[in-house]
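Dear colleague,

Here is the structure I said I would pass on. My notes on it follow below.

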Amino acid sequence: MKNRIQKLIQLGPIPWNKEISYELFKVYDDLLQTEEPITLKEAGQIIIFFSEL
């Protein structure tokens, strides 16, 4: 699993129901910016980041 995906998993889902700091938003944004394809396993791990719980 790619290092950036592991870091995303450690951060947990993006807080959608409250404001987050610009710094935290930037961390997520930087980790999600990749030109490398992700695997199905990686996609399964981060799909929750884009869903309401």
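K26 is partly exposed, with a relative accessibility of 34%. This is a predicted model, and everything here is computed from it. The side chain of K26 forms a salt bridge with that of D30, at 3.1 Å from N to O. D30 is partly exposed as well, at 40% relative accessible area. Both residues belong to helix α2 (residues 22–32), where they sit four residues apart, about one turn of the helix.

The count of salt bridges is two. The other pair is K2 with E42, whose closest N and O atoms are 2.9 Å apart. K2 lies in the segment before α1 (3–11) and E42 in helix α3 (residues 40–46), so this bridge ties together parts 40 residues apart in sequence. K2 and E42 are both buried; of the 53 residues in the chain, 17% count as buried.

As for the fold, the chain has three helices and zero strands, in the order α-α-α along the sequence. Among contacts between residues at least 6 apart in sequence, 67% join residues at least 24 apart.

On overall dimensions, the C-alpha trace spans about 30 × 25 × 15 Å along its principal axes. The radius of gyration is 11 Å, which agrees with the value near 10 Å for a compact globule of 53 residues.

On the surface, the chain exposes about 4300 Å², with carbon and sulfur atoms supplying 55% of that area. The chain carries 6 positive and 8 negative charges, and the mean positions of the two sets are 7 Å apart.

Regards

Terms used. Residues numbered from 1 in each chain as written. Predicted model: local features only at pLDDT ≥ 70, side-chain atom pairs only at ≥ 80, totals over all residues. Heavy atoms only, no water. Salt bridge = Lys/Arg side-chain N within 4 Å of Asp/Glu carboxyl O. Helix = DSSP H or I, 4+ residues; strand = E, 2+ residues; numbered from the N terminus. Buried < 20%, exposed > 50% of the residue type's maximum accessible area, 1.4 Å probe, protein only. Rg over C-alpha atoms; globule rule 2.2 N^0.38 Å. Contact = heavy atoms within 4.5 Å. Areas by Shrake-Rupley, 256 points an atom, 1.4 Å probe, with all protein chains shown as cover. Lys, Arg positive; Asp, Glu negative; His and termini not counted. Charge placed at Lys NZ, Arg CZ, Asp CG, Glu CD.
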